[in-house]
Structure formats: C-alpha cells, structure tokens
Amino acid sequence: MEKIPVIAIVGPTASGKTGLSIKLAQHFDAEIVSFDSMQLYKGMDIATAKPTEQEMQGIPHHMIDCVERGEVFSVARYKEAAEKAIRDIVGKGKRVILVGGTGLYLDSLLNNIEFLDSEDNDKNREVREKLQAELIEKGPEFMHGKLAGIDPKAAENLHPNNTGRVLRALEVFYTTGHTISYQVEHSKDTPSPYAPIFIGLTARDRQYLYDRINLRVDLMLQDGILNEVEEFVAEESKSTARQAIGLKELAPYIRGEEDLVTCVERLKQETRRYAKRQLTWFRRNEKINWLFIDEMSPEELVTEAIKIIEREEA
RNA sequence: GGCACCAUAGCCAAGUGGUAAGGCAGAAGUCUGCAAAACUUUUAUGCCCCAGUUCAAAUCUGGGUGGUGCCU
C-alpha cells in the first residue's frame with residue numbers, strides 16, 4: 001500500500017514551530033494537523049499559545065479547539081481523530097503538516113500504535129478504583145511485585161515509584177486479558193501507514209531558548225493570560241486541561257495565596273523544564289532534521305526546511 | 001569608633017574534632033490510554049582568606065576580609 005507522505009514539525013515550546021508551519025503550509029498547499037495535548041481544548045488560547053486567526057493566514061488547522069475543557073481525553077482518542085483529519089485532507093488532494101510538542105501523540109500516530117479496547121467504562125473504573133485502594137493499603141513495591149508476576153517484561157521497565165504506569169499496566173491486563181507488553185509487541189507488527197519527513201526546531205545554545213521562553217511568558221501576561229486563569233479557577237475543572245502550564249502556576253495568585261512575581265517566576269521555570277523534557281523526547285528520534293533557531297533568521301529557516309523536504313522527497 | 005552574631009554548591013541549608021546530610025535550581029534519561037503528566041539518575045578533592053594547635057579541623061585558637069544587628 002502506498003504510504004501517506006506527511007511533514008512533521010517538532011521542537012520544544014517557544015521554538016517557532018507555529019510560524020514555520022504556516023509558511024510551509026502556504027508553500028506546499030497543505031493543511032495543518034496539531035499534535036499538542038493542550039491546544040486540543042477550547043479556551044486557554046493564550047496559555048497554550050494557540051495561533052491566532054491572523055497568524056493562521058487562512059490555513060485550516062485541525063485538532064485545535066476541538067475538545068470541551070471538562071472532557072477527559074487520551075492518546076487513543078487523539079490518534080483516532082487525527083487519523084480521520086489526515087484522511088480528509090488527503091482526500092481533498094492537499095498535503096499534511098503535523099505540528100506540535102507532545103511527542104507521545106505524534107509517535108502514537110506515526111507508529112500506528114494499536115490501543116486495545118480498554119476505553120473508559122464502568123468495568124475499567126471499577127478495576128482502577130480497586131487497584132488504587134490496594135496501592136494505598138499495600139504500597140508501591142507490592143503493586144510492582146504483582147505486575148512482575150503477570151507481566152515481568154513491563155515490570156522490569158517500570159520503576160516501582162511510577163505508580164501511575166504500574167497501575168495502568170495492571171488495569172490493561174485485568175480489563176482486556178492481555179498484558180501491556182503484548183500490546184506493544186502487537187503494535188510493532190502493524191506497519192505505519194505514513195511516510196514522515198521530520199523538521200526539528202531547537203537552539204544550539206540552551207540559554208537562547210530559555211530567554212525566548214521567559215520573554216514569551218511576559219507577553220502572555222500582557223495579552224491577558226490572567227483573565228483566562230481566573231475563568232479556569234472558577235470552573236474547578238478536573239479534566240486533563242487543568243494540567244496545562246500557566247493555569248496551575250498562576251492559580252495561587254488568583255486565589256490570593258501568593259504574590260504575582262513568585263507565580264510568574266514559577267511559570268517561567270516550569271515552562272523551561274517542559275521544554276527540556278520535550279527535547280529529551282525528540283532527541284532520540286534520529287530521523288529528525290534539526291534546524292537551529294539561533295543560527296538562522298526566520299526566513300532562512302523556511303528556505304532551509306523547504307530544501308530538506310524537497311531533498312528527502314526526491 | 002565599640003560590642004555581638006554570622007560566613008558551607010547558583011540559591012536555601014544540616015553538620016561543634018574522625019574524612020561534607022537534605023531541599024530547590026541545573027544537567028542527563030525513561031516513556032504505548034490523564035503526557036504541559038508521572039517517574040529515574042546525577043551535582044562541593046572541599047566549607048571566606050592567612051597562620052597555628054592536633055595523628056586528624058568546616059568544626060578549636062589568633063589575625064584579616066566581608067555581611068547583619070545593637071550602642072556611641
């Protein structure tokens with residue numbers, strides 16, 4: 001079967017992915033599919049640095065603003081919806097550009113990870129609650145030992161303190177009858193339907209990126225991020241969206257618990273740490289063609305990226 | 001000017017004679033259904049400087065430098 005060619009723009013937050021992707025979309029007559037776990041949600045426009053109408057230049061964007069904030073979302077649902085978006089775009093005869101910062105979402109999509117039928121339902125919730133209770137009663141070592149008895153391979157790869165993942169591995173087994181290791185193996189047998197070309201944006205000098213992040217946070221403040229946070233604090237949402245950087249750091253100020261300077265500093269720091277984790281994730285992908293934002297002007301980055309894409313396609 | 005207290009990593013700090021706790025920041029990494037999450041590993045040949053006592057000093061003594069507080 002003919003593979004679907006896609007262009008994937010990756011990189012840490014504040015590296016300039018949005019700007020580059022829109023320029024490339026114009027050049028290649030493409031539509032954009034985001035792989036960002038937070039831009040998915042409605043609202044939070046400033047905190048998640050969504051492209052504005054004006055920035056989009058009329059280029060259709062998918063997988064942005066498509067989930068209610070209270071909703072629980074997951075990689076599996078992302079993959080399903082993104083696949084559909086890609087099919088639609090290809091059906092129109094246009095090209096696909098993937099842009100974002102959530103490495104897990106991108107890899108799950110491109111590597112065609114098969115998620116076993118273990119969707120949120122009563123059975124799952126029941127199993128999860130039982131495991132939770134058991135964890136509190138008997139401790140992380142016990143749960144890890146339990147997993148080792150069922151799925152030694154998964155247990156070996158998980159640290160006992162990583163209770164979230166240990167419990168999930170157990171949950172998968174109890175609800176589907178298959179181990180999570182089986183799921184991984186099974187996924188590797190199914191070939192990816194995509195032929196991706198990767199462009200990565202990063203800085204040669206880490207401090208350069210960090211300076212950009214600090215500046216961006218200051219701009220978010222000017223743009224009124226505090227209003228967004230205020231709205232969010234009032235909602236008291238329990239969904240994934242509340243994990244968004246910006247909301248949880250600024251909330252103590254809105255609630256009058258801490259001063260603004262402290263909260264803003266923490267927001268900058270958390271954003272820097274996030275960028276570092278993103279780089280760790282992307283670095284292991286050897287297919288990424290890295291471009292350095294502290295060595296080229298935005299225009300040069302665009303022409304370089306076009307050159308790389310045309311070369312890889314030839 | 002006098003008196004008192006303090007000086008340990010980028011920051012906060014424990015350590016009162018036996019070979020530098022811990023936390024934060026930083027760095028590296030793991031990742032298959034909450035991932036902007038969760039988790040792991042790592043960081044001072046040296047304790048302001050000089051001299052002394054001792055087998056042994058961040059720890060004791062003397063001097064110096066710097067800081068903080070009080071008094072004049």
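Strands β2 (residues 30-35) and β4 run parallel and are joined by 6 bridges. This report describes a predicted model, beginning with that pair of strands and moving outward to the rest of the sheet, the domains and the RNA.

**The sheet**

In β4, G100 is the bridge partner of F35, and I97 is the bridge partner of I32. Helix α3 packs on the sheet, where it touches β1, β2, β3 and β4. The direction of α3 makes about 175° with that of β2. Another residue of β2, E31, stands opposite V96 in β4.

The pairing of β2 with β3 is also parallel, and here 2 bridges join the strands. V33 stands opposite H62 in β3.

Strand β1 (residues 4-10) likewise runs parallel to β4, with 4 bridges between them. V6 has V96 as its bridge partner in β4, and A8 stands opposite L98 in that strand. β1 is also joined to strand β5 (residues 194-202), again in parallel, by 7 bridges. The bridge partner of P5 in β5 is A195.

The table lists the bridge counts of these pairs.

| Strand pair | Bridges |
|---|---|
| β1 and β4 | 4 bridges |
| β2 and β4 | 6 bridges |
| β2 and β3 | 2 bridges |
| β1 and β5 | 7 bridges |

Taken as a whole, the sheet is open and has 6 strands in the order β3-β2-β4-β1-β5-β6, with parallel pairing. Which strands stand at its edges? They are β3 (61-62) and β6 (288-292); each has a single partner strand, so one side of each is left without a neighbour in the sheet. In general, strands of a sheet pair through backbone hydrogen bonds, either parallel or antiparallel.

**Burial of the strands**

How many residues of β2 are buried? The count is 6 of the 6, so β2 is largely enclosed by the rest of the structure. In a regular strand the side chains alternate between the two faces of the sheet. In β2, A30, I32 and S34 point one way, E31, V33 and F35 point the other way, and all are buried.

Strand β4 (residues 95-100) has 5 of its 6 residues buried, so β4 too is largely enclosed by the rest of the structure. For β1 the count is 5 of the 7 residues, so β1 is largely enclosed by the rest of the structure as well.

**Individual residues**

Two residues that are not glycine have a positive phi. M63, with a phi of about 65°, is found in the loop between β3 and α3. M63 is buried, because 24 other C-beta atoms lie within 10 Å and 20 or more are enough for that class.

N112 has a positive phi of about 50°. The loop that holds N112 runs between α4 (103-110) and α5 (122-138). Is N112 buried or partly exposed? N112 is partly exposed, with 16 other C-beta atoms within 10 Å.

R77 is found in helix α3, the helix that packs on the sheet. R77 is partly exposed, with 16 other C-beta atoms within 10 Å. Between R77 and Y105 the separation is 28 residues in sequence and 10.0 Å in space, taken from C-alpha to C-alpha.

**Domains**

The domain assignment of chain A gives two parts: domain 1 (4-112 + 191-313) and domain 2 (125-189). How far apart are the C-alpha centres of domain 1 and domain 2? They lie 31 Å apart.

**The surface near RNA strand B**

There are 48 residues around RNA strand B, and those that come nearest are S37, M38, T48, F115 and I245. By class, this surface has 15 nonpolar, 19 polar and 14 charged residues.

Several helices contribute to the surface near RNA strand B: α3 (75-91), α8 (163-176), α9 (180-189) and α13 (260-283) each supply at least two residues. Which helix gives the most to the surface near RNA strand B? α13 does, with 10 residues. Helix α3 thus appears in two settings, as it packs on the sheet and also supplies residues of the surface near RNA strand B.

Notes: Residues numbered from 1 in each chain as written. Chains lettered and ligands numbered in written order. Predicted model: local features only at pLDDT ≥ 70, side-chain atom pairs only at ≥ 80, totals over all residues. Near = placed C-beta within 6 Å. Nonpolar A, V, L, I, M, F, W, Y, C, P; charged D, E, K, R; others polar. Buried ≥ 20, exposed ≤ 12 C-beta atoms within 10 Å, placed from the backbone. Pairing = 2+ DSSP bridges. Domains from an automatic or database assignment. Contact = placed C-beta atoms within 7 Å. Axes fitted to C-alpha atoms, helices over the stretch in contact; angles between N-to-C directions.
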